[in-house]
Amino acid sequence: MKLGDLEFWLITDGTFRLDGGAMFGVIPRPMWERVAPPDERNRILMAMNSLLIRAAGKWILVETGAGDKWDAKRTDIYAFEGPPRLPDKLVTHGVPPEKIDIVINTHLHFDHCGWNTRIVNGEAIPIFQNARYIVQRGEFEHAKDPSERDRASYFPKNFLPMEKSGQWSLLDGDTEVVPGIELIRVPGHNRDMMCVRLTGGRKTVFFFADLVPTAAHVPYPWIMGYDLYPLTTLENKQKWIPQAVRGNWLVIFGHEARTPSGYLIERQGKYILEPVMIDA
């Protein structure tokens with residue numbers, strides 16, 4: 001899809017599953033299971049969506065999925081989908097990992113930065129060897145010393161190798177990375193998560209990351225149990241969802257497997273998604 005001189009593709013690292021109760025927090029199961037049917041282990045299907053962007057003469061990748069550094073136990077817990085995975089899909093687009101100039105991690109939970117690295121001869125090394133990796137400074141520091149509540153979401157092999165290689169660019173707040181690509185700090189899910197706004201050709205695209213992870217999370221109270229600051233999530237949903245509606249922005253959800261993109265419209269006091277398919 002083109003936005004003026006900017007072009008992007010919606011690609012995915014496949015699907016995985018997380019507990020439905022955790023994904024919907026205080027929302028009772030009889031309500032959420034109607035829009036996100038769980039499997040026999042109470043897990044719902046989720047995608048790991050990424051954006052491949054061509055802008056300002058650079059190849060830019062937003063999010064890198066879950067990677068392949070998983071033992072059998074965790075593979076079973078999360079039910080990761082098999083190949084093809086994100087690196088193969090980049091190659092299919094004619095953009096092998098060495099061609100990527102910038103990697104943007106909205107935050108450093110395992111399902112957003114797993115392909116930052118891969119294991120070679122027993123050591124985790126950066127896959128995108130020529131890229132600058134970008135994340136908020138506060139998120140990077142927290143990832144290195146997480147709390148007991150969110151420790152299970154961070155895997156040092158996904159982010160420490162770029163500290164060793166000197167490839168991290170750490171941000172302190174909102175930044176325009178290149179013309180048309182703005183990274184916006186949106187706390188709630190954690191303290192320093194980012195959303196991504198693309199603009200060009202009088203159009204706007206907004207990547208919600210984990211502020212609104214799936215289409216089912218559009219209603220204001222539908223907030224993940226994983227969020228460290230749920231009331232801040234609520235405030236930011238009340239800020240950004242109406243902006244997306246008023247501006248007729250194309251929105252993209254980080255974990256929506258079935259209808260990952262579309263336009264939000266207000267109807268009888270509720271926000272409704274009109275899905276739009278983006279060619280992968």
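Which residue in β9 is the bridge partner of Gln136? It's Leu171. Keep in mind that this is a predicted model. Two open sheets are worth a look here: one runs β1-β2-β3-β4-β5-β8-β9, and the other runs β10-β11-β12-β13-β14-β15-β16.

**The sheet from β1 to β9**
- This open sheet has seven strands, and the pairing is mixed.
- At its edges sit β1 (2-3) and β9 (168-171), each of which pairs on one side only.
- Helix α6, covering residues 137-144, packs on this sheet and touches both β8 and β9. The direction of α6 makes about 85° with that of β8.
- Strand β8 takes in residues 132-136 and pairs with β9 in the parallel sense, over four bridges.
- The Gln136–Leu171 pair from the opening question links a residue to its bridge partner in β9.

**The sheet from β10 to β16**
- Here too you get an open sheet of seven strands with mixed pairing.
- The edge strands are β10 (175-178) and β16 (270-275), and each pairs on one side only.
- Going from one strand to the next, the twist averages 30°.
- Strands β13 (residues 203-207) and β14 (residues 250-252) run parallel and are joined by three bridges.
- Phe207 has Ile252 in β14 as its bridge partner.

**The helix across the second sheet**
- Helix α8 is made of residues 230-247 and lies across β11 (181-185), β12 (194-200), β13, β14, β15 (261-267) and β16.
- Relative to β15, α8 runs at about 95°.

**A general reminder**
- Strands of a sheet pair through backbone hydrogen bonds, in either a parallel or an antiparallel way.

Note on methods
Residues numbered from 1 in each chain as written. Predicted model: local features only at pLDDT ≥ 70, side-chain atom pairs only at ≥ 80, totals over all residues. Heavy atoms only, no water. Pairing = 2+ DSSP bridges. Contact = heavy atoms within 4.5 Å. Axes fitted to C-alpha atoms, helices over the stretch in contact; angles between N-to-C directions.
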